[in-house]
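Visitor: Please pick one part of this structure for a close look, and then show me how the surroundings are arranged. I am new to this, so take it step by step.

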Amino acid sequence: MRLLIVEQNPDMRLLYRIGLRNVPWEILEAGTMADALEQVTARHPDIVLIGEELPDGDPFELCARIKSNPETRDIVVAIAVYYMDGLIRRRSQEVEADACWLGPIPPRELPKRLEELYHQVRQAVAGGNNGSSNRPPQG
């Protein structure tokens, strides 16, 4: 599995890498939306985890761009936000995020959450549901 972590804060990226140190995944990193879009196109990760703030855009815009491109829309996207309300939940649904989680996500929980999300989305797709009508998992 290939995971792209999109987070402007290098310390948060380090924490996530620590939490993922024992998984056999290829871990990619991006600190900006532009870098993330380049990696999504070139490397086609299985999962993209987007932090709340980016210097050149917001996580919802990045998710929308990934999900609106026919070549990348099958990528599983999770957004980690530091505040959750109805507006954020609606926005995550509008951009077709596969999950919107309350962050920061404890590093030791990250592998399990990502793996469960990936399998949940793949099962929904295999069952004929493209995931767009599913409510993103909250947490």
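Guide: A helix here is a DSSP run of H or I with at least four residues, a strand is a DSSP run of E with at least two, and both are numbered from the N terminus. By that rule, D98 sits in the loop between α4 (86–94) and β5 (99–102). That loop residue is the part to look at closely. Keep in mind throughout that the model is predicted.

First, is D98 buried or exposed? Its relative accessibility is 11%, and buried means under 20%, so D98 counts as buried. Next, look at what its side chain faces. A polar atom of the D98 side chain lies 2.8 Å from the backbone nitrogen of V77. Strand β4 covers residues 76–81, so V77 falls within that strand by the numbering used for strands.

The neighbour of V77 in sequence, V76, leads to another part of the chain. The C-alpha atoms of V76 and H119 are 9.7 Å apart, although 43 residues separate them along the chain. H119 belongs to helix α5 (residues 110–126). Its relative accessibility of 40% makes H119 partly exposed.

Helix α5 also holds a salt bridge. The side chains of K112 and E116 meet there, with N to O at 3.9 Å. The two residues are four apart in the helix, so about one helical turn separates them. K112 counts as exposed at 56% relative accessibility, whereas E116 is partly exposed at 46%.

Now step back to the whole chain. It has five helices and five strands, and from the N terminus the elements run β-α-β-α-β-α-β-α-β-α. Of its 139 residues, 43% count as buried. The largest nonpolar core has 24 residues, and V6, V48, I50 and L62 are the ones that touch the most other members. Each of β1 (2–6), β2 (26–30), α2 (33–43), β3 (47–50), α3 (59–68) and β4 (76–81) supplies at least two residues of this core. A separate core of 20 residues lies apart from it, and L3, W101, L117 and Y118 are among its members.

What does L62 touch, leaving out residues up to four places away in sequence? The list is V6, M33, A36, L37, I50 and L54. Two of the names on it, V6 and I50, also appear among the core residues that touch the most other members.

Charged groups join other parts of the chain. A search of the whole structure finds nine salt bridges. One of them joins the side chains of R13 and E29, with N to O at 3.0 Å. R13 is in helix α1 (residues 10–19) and E29 is in strand β2, so this pair, 16 residues apart, links distant parts of the chain. R13 is buried at a relative accessible area of 15%, while E29 is partly exposed at 25%.

E29 also meets the side chain of R17 in a salt bridge, with N to O at 2.4 Å. This pair again links strand β2 with helix α1, with the two positions 12 residues apart in the count along the chain. R17 is partly exposed, with a relative accessible area of 33%. In addition, R2, E26 and R43 are linked in a network of salt bridges.

E29 has another neighbour in Q39, a residue of helix α2. Leaving out residues up to four places away in sequence, Q39 touches L4, L28, E29, A30, H44 and P45. Q39 is buried, with a relative accessible area of 13%.

Last, the overall dimensions. The C-alpha trace spans about 35 × 30 × 30 Å along its principal axes. For 139 residues, a compact globule would have a radius of gyration near 14 Å, and the chain has 14 Å, so the two agree. Among contacts with a separation of 6 or more, residues 24 or more positions apart account for 62%. The chain exposes about 7,100 Å², of which carbon and sulfur atoms supply 48%.

Technical notes:
Residues numbered from 1 in each chain as written. Predicted model: local features only at pLDDT ≥ 70, side-chain atom pairs only at ≥ 80, totals over all residues. Heavy atoms only, no water. Core = buried A, V, L, I, M, F, W, Y, C linked by side-chain atoms within 4.5 Å. Buried < 20%, exposed > 50% of the residue type's maximum accessible area, 1.4 Å probe, protein only. Contact = heavy atoms within 4.5 Å. Polar contact = N/O pair within 3.5 Å; in protein donor to acceptor, adjacent residues only side chain to side chain. Salt bridge = Lys/Arg side-chain N within 4 Å of Asp/Glu carboxyl O. Rg over C-alpha atoms; globule rule 2.2 N^0.38 Å. Areas by Shrake-Rupley, 256 points an atom, 1.4 Å probe, with all protein chains shown as cover.
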